[in-house]
Each structure stands twice: as C-alpha cells, then as structure tokens.
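Reader: Please take a close look at the place where the two chains meet. After that, I would like the salt bridges, sheets and cysteines within the chains set out in one connected account.

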There are 2 protein chains.
Amino acid sequence: MLRLNGKNCFVCAKNELSGAKKIAKKVSNDLKLVFGSEPEFKELDIHNISFEEAAKKTEETLIIFGTAQTSSFFEKYLGQENLEKREVYSFTVEENKIIIAGSDKRGAIYGLFHLSELLGVSPLVNWCNIMPPKKKSLELEEGTYISPEPSVRFRGFFINDEWPAFGNWATHNYGGVNAKMYENVFELLLRLKGNYLWPAMWASRFSDDGPGLENAELADELGVVMGASHHEPCCRAGEEYRYLRGPDSIYGDAWNFRSNEAGITKFWEDGLKRNGKFENVITVGMRGEADTAIMQNATLADNINLLRDVLKTQNRLIRENVNEDVMKVPRMLALYKEVEPYFYGDKHTKGLMGDPELEGVTLMLCDDNHGNLRTVPTEKMRAHKGGYGMYYHFDYHGWPYSYEWLNTNYLPKAKEQMCAAYDFGIRDLWIVNVGDIMTNEFPLSYFLNLAYDYPKYSALEYTTAQYTAEWVEQQFADFSDKQKATINNIMNTYTRLANMRRTECITSDTFAPVAFNESEKILELADEVLKECEKLKLELSKKDYPGFFAQVYFPACGTMNVLKMQLLAGRNKWCASHNMIAANAYADQVEACLAFDKKLVEECDKVDGGRWYAMGWSEHFGFVHWNEEENRYPVLAKVIEPRKGRLCAWVEGIDFVTTGGDWTRRPLSCDLFKNPDVKTARVFIGACNKKMLAYELALEGGEDWLTYAVKKDKTLLIDTITLKVDREKLLKAGDKKAVLKITANGGHGCRARIDVNIDAALPNLNYDKGTFIQTGNYISMEAAHFAAKDSGSWKNETVAFEELADYGKTLSAVKAFPVIADFPKGKNAPYVEYKFVAAGEGIKQFDFYLNPSNPAYKDNKLAFIAEVNGDKIQKDLVDAKNFAVGDNQWAWGNDITNNIRIASVYADCREGLNILRVYPVTPNIVLQKIVVHNANEPFPYSYLGAPESFRLS
Amino acid sequence: MLRLNGKNCFVCAKNELSGAKKIAKKVSNDLKLVFGSEPEFKELDIHNISFEEAAKKTEETLIIFGTAQTSSFFEKYLGQENLEKREVYSFTVEENKIIIAGSDKRGAIYGLFHLSELLGVSPLVNWCNIMPPKKKSLELEEGTYISPEPSVRFRGFFINDEWPAFGNWATHNYGGVNAKMYENVFELLLRLKGNYLWPAMWASRFSDDGPGLENAELADELGVVMGASHHEPCCRAGEEYRYLRGPDSIYGDAWNFRSNEAGITKFWEDGLKRNGKFENVITVGMRGEADTAIMQNATLADNINLLRDVLKTQNRLIRENVNEDVMKVPRMLALYKEVEPYFYGDKHTKGLMGDPELEGVTLMLCDDNHGNLRTVPTEKMRAHKGGYGMYYHFDYHGWPYSYEWLNTNYLPKAKEQMCAAYDFGIRDLWIVNVGDIMTNEFPLSYFLNLAYDYPKYSALEYTTAQYTAEWVEQQFADFSDKQKATINNIMNTYTRLANMRRTECITSDTFAPVAFNESEKILELADEVLKECEKLKLELSKKDYPGFFAQVYFPACGTMNVLKMQLLAGRNKWCASHNMIAANAYADQVEACLAFDKKLVEECDKVDGGRWYAMGWSEHFGFVHWNEEENRYPVLAKVIEPRKGRLCAWVEGIDFVTTGGDWTRRPLSCDLFKNPDVKTARVFIGACNKKMLAYELALEGGEDWLTYAVKKDKTLLIDTITLKVDREKLLKAGDKKAVLKITANGGHGCRARIDVNIDAALPNLNYDKGTFIQTGNYISMEAAHFAAKDSGSWKNETVAFEELADYGKTLSAVKAFPVIADFPKGKNAPYVEYKFVAAGEGIKQFDFYLNPSNPAYKDNKLAFIAEVNGDKIQKDLVDAKNFAVGDNQWAWGNDITNNIRIASVYADCREGLNILRVYPVTPNIVLQKIVVHNANEPFPYSYLGAPESFRLS
C-alpha cells in the first residue's frame, strides 16, 4: 500500500519526450490542487539504475514516468507483449514510487493522466475550472495495471461552426485561434483519451495561426494527431488556398485539378513538406471550394477519373515528402456527398471501390449530420485495407436545421449509433463535430470513452444512466450526495427533453397545448430542471460554481428555458385563440423566459472571470430556415376581454372547449376513469373576462364514489376542478355514470350551462398480465412493454430483441442484436409480441414510432414486419427509390427535425384481444412505441404520441 | 300654380276613417316642420258640396283628403277606372286647394304622405329625427297625379332577432313592445309605402302586449296588414302557446295536432276570433315548437297527411270565424325547411302541390337567409292561385353566421335577387327581415320602393347608385352639395365593402395582408369612410347630426371600423410572423379600433336624447360559430425584437420576404413595370429591431428611366422605396432591366444584401382593343370588360348579357336577361367573349367568381359553359345530388360566408392570344370576374382574387 500525500517528485529521463514532460507538469499541478503542495521535478541523465537509486535517496514519493522507446527501464513494467501496442501504459505502484510506462508517447501521457484520474481530478480540470476535492493523502494498492490498446485507432473531435462563439472566445481570451488556445484544447483531448483533432477552419489556417507553425508543432509535441476536414487534402486548411491564390501565385488562381494541375499539385506538395514531419491523418481526395461538389457538370466517369488522378498525385506527393512507404502514412478519404457515388460507381462505370490508390486509405463515412448513420460498409466491403472512419455530429450548421448553441445531444442515441458503427466495422477513425466544444464536453467524454474502451462502454447493461452518474461523480466529487443526485437528474432530464426536439427548432406549435396533457407534462420536467439548477446555484461555493455553470447550469437552463418559453408561447396562443385572459399571463411568462435567456448569455460572458466570453452567442431558437437568420422570436398573443361575460371549459387532455352558451351548448365527456389506474381527472374553467368568474357546480349521480375539489389560479384565472374517484366505492356502485353541471350567469343573457358527462364503468379486465386494455379512443404501448419475445437466427448466430434503456422519447426502445443481422422477407427473424384489447372492431391505424435511422446499405431499404392477429404486413419505412439524405430532402428532413419516424400500418382488429408482433427485416430498426387508433376517425395531434394505455400487471 | 305656405287647413269628412285622419295629423305636423306654423284641421258633417264651399270661404290652402268609399266627392278625382284598384290615390292641385283621394284607406294614406314627400319630408322624419328643410313656400303645378297600383300586393318587414337591441330599446323608451312603440313602426312602414308587418316575436305576443289588443287595433286602424312568421298560424304569436298551455289549459299541453287536436284547434279558433276582424295575412300550416320540424320521426306520407289535416282544419276555422268566402281571406303557407319536401312530395308520395286546401293560399318562398333566393316556381307552378311570396333577409340569426348589428346589405345584390324573384313570378307578398330595423332603413327603403313601383326601380338603367343619390337627397336635402356627395360616397363605399364580407365574419385572415396589396387597398377605402364621417360629424349642426348619426355615421363607422380592425390585426399577425416591430404599432392600432367600437356603441346609447338606447348592443365581430357566443376578440401579436440586427424586404403585392442574410440570401423580383399602366412600384424595408435601421441603396442599370425615392414611417419603422419609371425614356432604353441593391450592416456578421431584380420590358401589345395582356403570373378580367357579346334566344325571346352596375366585389357583374331563360346544354345561349394574351402555353386554371346563387329549381342545377379557344367545358357550380342550403351544409355555407362562389375550369392555352366565351346553361349565373393562372403552380391567396390585368384600350 502506497500512501500518496503532498510530498512527491516527478522523475524522468532528461531525454524523455518533451510532450510527456509537459503533460507530467500538468499532472504535477493536479497533485498540487489535490494536496496543496507542488511536487518536485527531476530529470536524470542516466537511465534505469538511476531511477532505482533516486527512489532510495528520498522520502518523497517518486513518480517515474517515461516511454519504453526512450528508456528500457520501462520495458519490464509494460511487459514484452505490450511494447508494440498503440497507446498502452502500465501503471505500477511500489512502496514509495509509482512507475508510469508508456508503449509510446500517448501511452505515457494517458498513464500520467491515469494518476490524475485516481486522484479524482476531472479531465475538465483546466478546461473549465473543475476543481478536484482536496485530500491529505490517497492510498494506492501496490501492483501493476496495464491499459488495453484503445478500441478505435484515431479518436477525436472537430472544432467547427466556430463563429460567433468559439471564434470570439478565442480572440478575446487568447488573441486568436493560436497555440496558447490550442494547448487547452489538446490537453482536453488527451485527458479524455482522444488522440486526434480537426482544428477550427471557418476562418482559420491551423498551420499559419500559431503564429506560424506553432499550433502544429505543439500538437505534435503533445502527441495530438492532426487531421483536417473532408475537403482539406494534404495538410492544407481550406482557407489556405483562398489566402495564397492569385494571378501571380505559384499555386495559380483556380481550385481546379484539370486547368491548374501544376499549381494545385505544388500547393499540396508544400503542405506535405510543411506538415509531413508531424503526426497526421492526411486527407486525400478533393472537393470543390468551400465544401461544394468538385465538378458540377461532368459525367460520373469524368469525375471518377479526375478523383483517381488526384489520388495518384497525392499518394505520389506523400511518398516523396512524408514516407516512401505510403502504407505507413495514415490517410483518409471522406465518402461524403458527391464522393459517395464516385466510390460506388454505377452499372456502366466502375467506381473507386477496390482501386489500388485507395489501399490503406481509411474510408471515412458520416452520419446524416443529425446523429443517424448513413450508409455503412457491407460485409464484403468491411475487408478494405485501411478500414473505415465515422464523422459524427454533436453540432451542425446546415439543413434542415442547425444546432450550435448548447449541448442537445443524448447519450443513449449516440451509444446506439456509434455501437452500430463499430459493429458494422467502422473502427479506425472516429471524429465528432463538437462545434464550439463548450457544453458538448459531456457527450464528447462518452464518445471518446466508447472509442477508447469499446467493450466496457458499449455493454447494454452498462447504461448511459450509469455513465452519467459516474461522470457526475468525476466532475463534482465533493458535492453532497444529494447535490450529485440532483445534478444526475438534471443531466438525464435536460438531455432527454432536448433529444425530443432540439432547442433551435421547437416552436410554439411543437407540443400539443392540451391534448394528452402533453405540454403540461413537458413543462413540469423543464421547470423541475430550472428550479433544481437555481437551487444549486444558491448552494454552491465560489470555487464550485464555475464548473457547475459550464457543465450543468448553462446547458440545462439554457435549453430548458427555451423549451419552456415555446411551451408557454403555445399555451399563450391556445388561450388567446379561445379568448381566455390566461393568454396575457402566459405572454408575461414568455417574456420572462426571454429575459432569462438573455441573462444566461450575459452570465456566460462574465462567469469565472470571463472564461467563457462569447461562448453563448449563437442564435438558438425559432429557426425557420436551417440557420439562425430569420429565426423567429416568440410572438406574444395578447387577448382583449370579450365585452360580455364568458368562460371556457374543457376536460384535461382533450382539446375541445365549450363556453356553454345558450345557442352553442355542447357537453363535455370525461371517460378517464375507465382506466383503472386513474384516480383523479380534472376539468378546467378558464375566464374570458371577469364578468363570469362565479359559477355553480353540481354533481348529478356519482353517489358516494365521486367527489370534487376546486383550486383557483388567481394569475391565470383558470380554475381546476379535480374529480376524485373512490375505486372501492365505485366497484359497489350501481350507476357508474355521473354529470358535473357547471352553471354561470354573466347577466344580459350570458348564461353558461355545461354538462360534463362522466363515465367510470371499467372495461373487461379478464386478460393475461402484460395485456394493454383500451379505455379511451386509442391503445398506446411502449415498445419495451412487449408481452413476449422470441429469438431468430442469422448466420448461425442467435438474434434477439433487447431493450435500449432510456432510448426514445417516452421510455426506451427495442432493437435486435447483433445489429448487423438482416432478415429478407422476415425469414428467421426474431420478434416482440404485444397484446391489446380493443374496445371495438374495425380497421385500425398502427403508428410505429421509430428512431429516424437511415438505411444501412446502398440498397436504401429499411423495413420491418407488423403481424396483426397472424396477418403479416411488411412496412418499408422509406421509399427505396427516392429516399435520400441531404439538403431539401424533406422526407428525411422532417423526420430528422422531429427526431422520430412514424410509420403507419393499417390492419383489421377484432373487439377484445388482438396480437401484434414486430419483426425486423433490415438492420437499423429501433422501435420506441406503438399507438393504435381507429383508422377512419381523426386522431388528435401530439408531438410525442398518445401516452401509454392501461396495462395489466 | 298653387303656392303652398304656412297657412293651411286639413279638411275631411267627419266620418272619414280614423286611420286616415291620424295620418293627416302626422302630415299636418310635417307641414309645421317645413313652414313653421301648424295647419288647422276641420271635419265636415256634409260631403262634396261642403268641401267646395269650405274652399271658397278661406284664404288658407285647403288640403281635402278622404277615401272614395267614405265620400263620393273623391270619385271624380280618382276616376272610375281606379275606384276598384288597391291602394291608389289621386293628388289634385287646384287654385287654393289640394284634393287627396284614396281608392281605399291606404290609398288615402299614401296620398297624404305624397304631400309630405313633395314638401321634402323624409319618410324617416319621425322614426329617426330627420328634419326637413324649412321653407317659406312651395309651388305646386295644378293638375292631377294618379298613383299606380302597387306592384306587389303585400309589402313589408319583419322585426326579428330583437334581443338584445330592439327589445331593450323598446323597453327603455316605451316600456315594452307595445302600441306606443308600434305607432312609430307603423308610420315608418306606411311612409315607405309598405302595408304589411310581421311583429317582433322572440319574447313578445303582439296581440297581448299593446297592452291587450291595442297593437293589433292600432295596426288595423292605420291600415297595416298584420302577418306572422312562417310558424305562427291563425293570428297566434309563437310565444302564445307557451304562455297559455298547461295541464289545466283549455288548449291542452302539447303542441301536437295528433295528440292534442282539440286543444290546438281551440287555440287557433280563439286566435281567429280575436284577430279575424282585422286585416291580416293569416299564416296557415304548422311547424314544431320554436321553429323546429313538425314531426321528426315520421314518414313523408305521415307528415303530408298531417299537414293536409291541419290546413283543412285551419280553412274551416277561417270560414267560421273570419269570412265564409275563404278565398277572400289572404292566407300564407311558408314553403320553408321541412315544409318544402311536403309540398313537392316524392316519387311515391304526392305532395301538397295542387291540393284544394292550398287554393288561394300564397305560397311563401324564402331566400337562403343570406340574400340569395332558394327554389323559385317553375313555369308550370307560377299559375298557382294565391301566388307566391318571398321572405328575404337583411338580418339573420343562424347558420353559418348571424348578422344582426348594423346594415351590411348591398342594394345591387338586393336588386338583382328581388328582381329575379319578381320575374320568376313571386309578386304577391314580399317581406324582409330587418332585425332591429335601425340602420336597415336604407335597404328597406329600396326594398319597399321596388315592391311598390317595380317598373321604375327594377330598370337596369336606374342604378342603385342613382337610387342612393336620391335617397341621400331625400334625407339630407339642406346639406351642402359637397356634404351630400360625401354622404353618397360613404353609403356606396361602406355597403360595397360590407358586401365583400359581413362585419361579423371578417377575421384577421380574410384579406391578404400583402398579396396584390389587397389589405392596403381595402384599408384605404375603409379609412376614407371613417375620415369623411368624422369630418362631417364636426361640421353638422345639432339639428342635423341625429339623422346623420343614425343613417350614416353609425352604420358606416361601425362596420368600417371593424373591417379596419381586422385588416390591422392581419397586418399585425403578418409583421409578427416576420418579427417586424411594426407588429407592435399595428397592435396599438387594433386596440384603438376596439376602443372606437366601444365608443360608437356608447354614443348610440346617448345620441339624440337616448332615442337609440340599446340599438348597438349586438355582438358584431369575430364570429366562429354562427352566433355571437364564442366570438373572438382580436388577438394582438406582440413582437420581441431579435437580438441581432435584422431587416425584412419585400416588393409590393408579393408575399415573399427576405432578410438578405449571408446564408439565406434570396433575391426579390419586381416585374410590375411590365404592365404599361404601372408607373411606380414599391419596395418595403421593415425593421426587425433598431440595430439595422440604416441601409444603403444603389441602383445598377436603369440608366435614366428608373429613379427611386425613400419615405420613412417612423411609427411602423417600415420604409417605402418608390421606384418610378419614365415610360418615354424606357422606350428608348437599350437595357430594360435593373437591380436595386439594398445593403446593410448590423455588426457581428449581421449583414443584409438584397437584390431587387427589376424587369421593365414590355410584352407584345400588338392586339385588338379590349384584349387583356398578361404581365405578371396571371390574367384577371372583370366580367363586364368582355371584348364582345352575342345574344341567344329562349322561347322566341332574345336573351342577352347585361351589366349589373356596381354588383360584385371589385367592379360589377354580368347576367343574361330575361333572367328566367335557360339553355340546356347551352343551346341558343347568349355569350360574353374575353380576349387575353397569355405569356406562356400550358394548362391554365380559370377561376370564375360568381354570386353564390342557389339553383333556381328543384333539379338543383346551376351551370354555365366556358369555351376556351373553341373547346366547350360545362361547369356545374354545385353538386346537384348533394348540394343543399341549410345548417351545416358547408359547400353552401362557405360560399355564403365569402359571398362568392369560385368555380375553376382547366383548359389548355397557347402562348399569345386566347379566346374565352361564357354561356349560361341555367338561370342564376351572375359572373363578377375571371382569374386565369397556371394550373400547376401555387397561386397566392387573396380574398378578392387578383386585381384586373392590363387591358388594351
């Protein structure tokens, strides 16, 4: 047992890699933060013996670190079998020393940061001032831990869409997108066990802005492998050509490999000469300027030939300027937008697939910019030498909507998608667009953890909820247990709500203001997050607040406040449409949200000494085009009171309002008590003016089983009449119907007479456990609440549905594993089975709520089979001929924006018990819930679909 | 020549009818108002000789009046041929006397009022305090004028829908709906030359409320023939049975002729006994209580038999209690709602048509409650003994919307419809529902004038505009010519606008806020009316104001202010939807309109000493159901300024807005100058906040032919850039295109760069006079602007299209005369021909704007033929199988609400000249305009349709 305390000394060889030394200094500072005293730092001329001797001469704990390449001292700690592995370290605790041995530079660095982790130091310690708990000492078990080789070779992120936030932040705090700034970014990346970065490039030239080459030199020193985005070949930033081109430029004045081959070749050559000495994943291929198609009016063959020539040239340049063995140079070609068809070719023209120039080149695939994988490699393609990469998005600037402000990413979705990527063989390069970085650290941590240690983080039983709890512990270790539980709830709730629909594209019409109490339920959750955040804000110390602000308060309050604002705007609109004066109070509340939104951004500019200045500057609500331009600020509907007395009445969850006037009297119906789980039901009375605030209530029938209580809201002037049923008494009651009579008199013939007809008769409940019972005008079933399931088989593997915890908007989701299995025509497919009792026979519409996954392969197929009472109906989720991902592809775009794909199947049902089974046909079927309702009647709109029906348990 | 001055004496026989004497007293008072001194009044015991002698003995002018039945003195003045005529009078001027001889009581009364008319006394003199001009003398030519027999036998109005306005008014001013009140109504009716009245009956019993029988007695004395509404048989008000019924009542306790035949028969008998001595048109037949169907669950045959039995009983009771010769008793059966099928029967069951019980009974038909005739008699039916009546509406309480507040009736429509009624043989009884009467006096005057002297008032060349001018002269004779011209304009304009859509059912969405400048044009007209009214209000004396208020100011300002309010609410909404801060200023303006609306109603309560107290109390805007309950007060959209600088730009008439942001830049197009009539075109720039108020303008191209000027609106923060073209210089210009460049910079990357692409190249104009030329994306043609027309023939009569002046929403209308002609399959039909030059070939949609007439006959057919370049297409305007008038008949209800029926025909057109001809197939085709546009492109919404295109002249 080693008791680590304030007396420590870092020891390394004088000739140790400077990057490892720099990182050791950072870890040294971590020790200071924890123990209060700064460790010593010794560099020794000699090697292994000296380390041993140094240990004998001191009372301090020695922290000996180094790489096996620099000093053979470390070999025995690592073990021979690990010497050739990538980025592995051993962490050995002995008596009074800790020996950190890296198989390479990043191995040593990860090993050093392993110590920080053990000390309880967050990877975000310096990035966002998350201070570790102070300690007097820390006990470490003696022994050696050897890290596994990382699952994915290149793992990193992309700083993108960086104006106005990141760009202004960097300029304000560091004077530019320079090495001073990047040191922080590199450290963040390495602490998160990433190794790969795409730098900011909207208005930056990474290899010029350091100043000079400093950015690239620092990256290389610290072990950060640099890449560039998909359209920036040969270590050249996209902006560089625009900067260097001209009539007199040696690079010519045309981004055109046909008309300016010499100039472009020279441009690439000089890029490779400049940066080839550093660790890179070199982008190959070519696109048009500013991320456009390369040749817009040419044949497929012309384009393929052009790209082949480009690759040939680039490979030659790499051989000449970087490494004669081009196979040793990590290279990447993005199969993105128009490059994808060039890769696949068509019937008449062979594509680039299998081309020798692509051997050893990592083929980078992409999600649809909104977190859903696009085409993945088929089994045959998976053998490609060079493997595959995935460009994923936690931030996007483009169609159908941008999301650039605060984190709106949801771990269960990222997990499902990235695990699928891995399972489909995409394991060589994972890069994620994190926009301005700030507030995306949470999903980024998960992304890099998963890439680093796939077996651990991909496990279904290791839920993202557990991950979140551990992440919260890591950041806020010395908060009270209650505070940590609160933060845990905040993180889970705000990301779950943001996953329903991202902040930018929620409108006042998104959630149903009344139907199914949808708006009310969401508002309650959002309000809870906001309240908990404010409560913690008051509790936390000056030291603890900055990290909490950056990681919790700002993203949670920012997103939930916008959600709340739009929900209130929806209520404002609804009340106004019925001339209820509550609209005016809601308008005030919307304005309060807007003021709070402004306050949040202002706080972000000032908090923690201006650390995050400008980071909140992106527009973030009311998008009507894909970008912030023309975004709509909430419109506040102000209502003028009707001249004559008037009130409105409605039953909870049902968007039907009556005023009960003499000429338009229409009764209300309340069937909610037919659901055995329901004990209370509410009737609302909203005032249209103050002339008819008084009304009389009388209950006809209801004997002793029904009572009611009235609660008045003096701000909204909406009264809530809560009807309460005594289930025991109801059971014995003869008449299970009652009428609540509302009468009011506003003078001048303004009478209101409203009957609320209550029917509390239970349906037949004599069915098996797990059966859903229709009690209203629909049956809604969470996918995970299947009554039974059975496995299938695929290539001698067993395939079965599993629940994906917390996935989905309302509960979870189910998906068949292994995920790459497919079942043409449903043969050998596994299934999930649902039982439901319909209140009446007839054709019913089955609305299946699925993740808006894209087809896995080029065949563009995505299908499942719904079997209703033995009749199988295959449902193709997309039109294989026309479905496409991309700008102005509305079929895709609408589902993406809604973050759901609703597929409807029609089938004849009988009154009473019906059986529904769901079988996958293709991969990527992720089912969240099923709503069944009469096909020939209008069904009320809601964003989330009707809530779950009564289920026998 | 007789010089009438202040010295006058009325002379009549002592035994003259008391009603005539009472009216003479009123005319006597008229003379006092004009000359300042009250005439004497002498009743003589003896007859003709005495009159002559009396004349010799005095210096006063004698006004000798009487009826031929009372005194033979009058026979020679009337002439033998007129003695048996209805309601005829002679008006003879001799030396120092005027002899007024009536063929009957009403003849004498109309003759007396003829003197008032000659004196310049308005029929509204006492009803609404419209004072005649003072005179010293009036010269009358000597000679005799003999009035024609009135065209329609029974002519009158129905006081209906009388709560809250009329009912409260009568209660407040007269203590009830009693004889004191009715004396005013009877006088109004008679001065307007009506003779027939349906009294208020919502909560009144005419023959009980006098008090007692006073109402009925007074009516009879003054010569007012009383009727009752369609469901009040045998001189019994609808409310009477409810009042008298009961378990111990002699009338029983069931409004059921089967179960309570004795009680009901007794009830009717006592009604006839009570009122049979007075002049009545006795309602026969029976409906259910409170205007519902009589037997709801019975076969057609059962119902017909029931009604036949009812009629048999009623005729028997009339014989026994009124007149043995039932044919001498005016009786009326309404063919309304369910009674109509009982009349026609069906294939299996003979209807009541031709039943002997109906002989001599006037069959009352009805409009659709919204001013469009329903089924009219076929040629065969026109021979029915007893003839036909028409129940028309200037006020309605029912589906799809009620209109009960102020006058929204339009004379051209009433004229077209009532002339059609007359031409279809409906000539025995005309009754019009005038609701509370007040403000409907204007259309009522026209209605009763037309009924009294059909040949004069029905003439096409005697336009309603001329009528209006004469009416204005009659009411406001001593106003200045300018004031009268202004009032004339007000009356024409407000009724024309109210005819577009009645006040009650205009919403903020009715008129297009931007497309075709629709809202702007309407708002200008409404504002003009409002301003002119206010100006006159300030000018008028205390004496002149009351009449002006009641007839002009209140209805014109009331309706136009609501129209304005909704137009502003539409702009408020539109600006808000684009986040323009002008929305807030518009919201203020909407509130100002609402305040003014309230002020108007308050003034109505107080003006003229409270004469109109309560008359403005009906709800009158934002109806969402057919009645006022749940009507919507305007919702005011309040906009919050976007955080970043932003402006909006658009071209006049085109609802396409751009902000010119970097990522969403979309140019604007201005093709308005392609229309040779257009000299200016406007581009608008609206501020979304104050950060980007400054912008730069630059004109590229346009040489010397295009200039622009900027006008700023500091309240709305909307700038108007008026582009002006110099047509002469343009002709000589080489390049007829230009670009107006708008640039602005709001800092933080908030740039706006907007190109307005102006194309001023003229189309080919080398076509015949009268040809329409497409210069935008449509061709719009006013129906009256046909290039040619040709007549057709029907039963040896020539049939031809004629223009109906001022009919229609945008100009006028055309209709074939005689109106009863039909042309199955278009054979021998007349036509109107339109020539238009299309800018491109292809399928075009022809939108025909027609009056929402109903089919003339039971065949339910309404059709015309559109012939495009020789290809004839018959267009059925309604679905003969399903079309019906009535509650919840949406096909009808929507057109009624819009007061237009738009029928679309699709035809292939060539680029260049196309010929369209329109032929009627059935009667009731009233065409207002035609809009032609590409069938396969969306065409912008507007309420009135695109404005007229350029036409060669």
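Author: In this predicted model, 41 residues of chain B are in contact with 41 residues of chain A. The two chains bury about 3,600 Å² between them, and carbon and sulfur atoms contribute 49% of that area. On the side of chain B, Ile640(B), Arg643(B) and Trp663(B) supply 18% of the area that this chain buries against chain A, more than any other three residues.

Charged pairs also cross this boundary. The interface of chain B and chain A holds 8 salt bridges. One of them joins Arg643(A) to Glu619(B), with the closest N and O atoms 3.0 Å apart. Arg643 thus appears in both chains of this account: Arg643(B) among the three residues that lead the buried area of chain B, and Arg643(A) as a partner of Glu619(B) in a salt bridge.

Beyond the interface, a search of the whole structure gives 111 salt bridges over all chains. In chain A, Glu183(A) and Lys26(A) form such a pair, at 3.0 Å from N to O. Glu183(A) belongs to helix H6 (residues 179-191) of chain A and Lys26(A) to helix H1 (residues 18-35) of chain A, so the salt bridge ties together parts that are 157 residues apart in sequence. The two partners differ in their surroundings: Glu183(A) is partly exposed, at 29% relative accessibility, whereas Lys26(A) is buried, at 15%.

A second pair in chain A spans a stretch of 399 residues in sequence. Here the side chains of Lys815(A) and Glu416(A) meet in a salt bridge, at 2.4 Å from N to O. Lys815(A) lies in strand E31 (residues 813-817) of chain A, and Glu416(A) lies in helix H12 (residues 411-423) of chain A. Both Lys815(A) and Glu416(A) are buried.

Chain B supplies a further example. Glu279(B) forms a salt bridge with Arg106(B), and their closest N and O atoms are 2.8 Å apart. This pair links distant parts of the chain, 173 residues apart: Glu279(B) sits in the loop between helix H9 (261-275) and strand E12 (282-283) of chain B, while Arg106(B) is in helix H4 (residues 105-118) of chain B. Glu279(B) is partly exposed, with a relative accessible area of 31%, and Arg106(B) is buried, with 9%. Back in chain A, salt bridges with shared partners join Lys26(A), Asp30(A), Glu183(A), Glu187(A) and Arg191(A) into one network.

The sheets come next. Chain B has an open sheet of 6 strands in the order E3-E2-E4-E6-E5-E8, with mixed pairing. Its edges are strand E3 (40-44) and strand E8 (143-146) of chain B, each of which pairs on one side only. On average, neighbouring strands of this sheet are turned by 15 degrees against each other, direction ignored. Within the sheet, strand E4 (residues 61-67) of chain B and strand E6 (residues 97-102) of chain B pair in the parallel sense over 6 bridges. In this pairing Leu62(B) stands opposite Lys97(B) in E6(B). Helix H1 (residues 18-35) of chain B lies across strand E2 (8-13), E3 and E4 of chain B, and runs at about 175 degrees to E2(B).

In chain A, an open sheet is formed by 4 strands in the order E19-E25-E24-E21, again with mixed pairing. Strand E19 (668-670) and strand E21 (696-701) of chain A are the edge strands, each pairing on one side only. The twist from one strand to the next averages 20 degrees. E21(A) pairs with strand E24 (residues 737-745) of chain A in the antiparallel sense over 6 bridges, and Gly701(A) stands opposite Ala738(A) in E24(A).

The cysteines complete the account. Over all chains, a search of the whole structure finds 0 disulfides. Cys12(A) is in no disulfide, and the nearest cysteine sulfur, that of Cys9(A), is 9.7 Å away. A disulfide would need the two sulfur atoms within 2.5 Å. Cys12(A) is also buried, at 0% relative accessibility. In chain B, the sulfur of Cys366(B) is 18 Å from the closest cysteine sulfur, in Cys419(B), which is too far for a bond. Cys366(B) is likewise buried, with a relative accessible area of 2%.

Definitions and conventions
Residues are numbered from 1 along each chain as its sequence is written. Chains are lettered from A and ligands numbered from 1 in the order in which they are written. This is a predicted model: local features need pLDDT of at least 70, side-chain atom pairs count only at pLDDT 80 or more; totals for chains, interfaces and linings use all residues. Side-chain values use heavy atoms; hydrogens and water are left out. Buried means under 20% relative accessible area, exposed over 50%, partly exposed in between (1.4 Å probe, protein chains only). Two strands pair if DSSP finds at least two bridges between them. Helices (H or I, at least four residues) and strands (E, at least two) are DSSP runs, numbered from the N terminus. Axes are lines fitted to C-alpha atoms, for helices over the stretch in contact, and angles run from 0 to 180 degrees between N-to-C directions. Contact means heavy atoms within 4.5 Å. Buried area is the accessible area (1.4 Å probe) that two parts lose on being put together, summed over both. A salt bridge is a side-chain nitrogen of Lys or Arg within 4 Å of a carboxyl oxygen of Asp or Glu.
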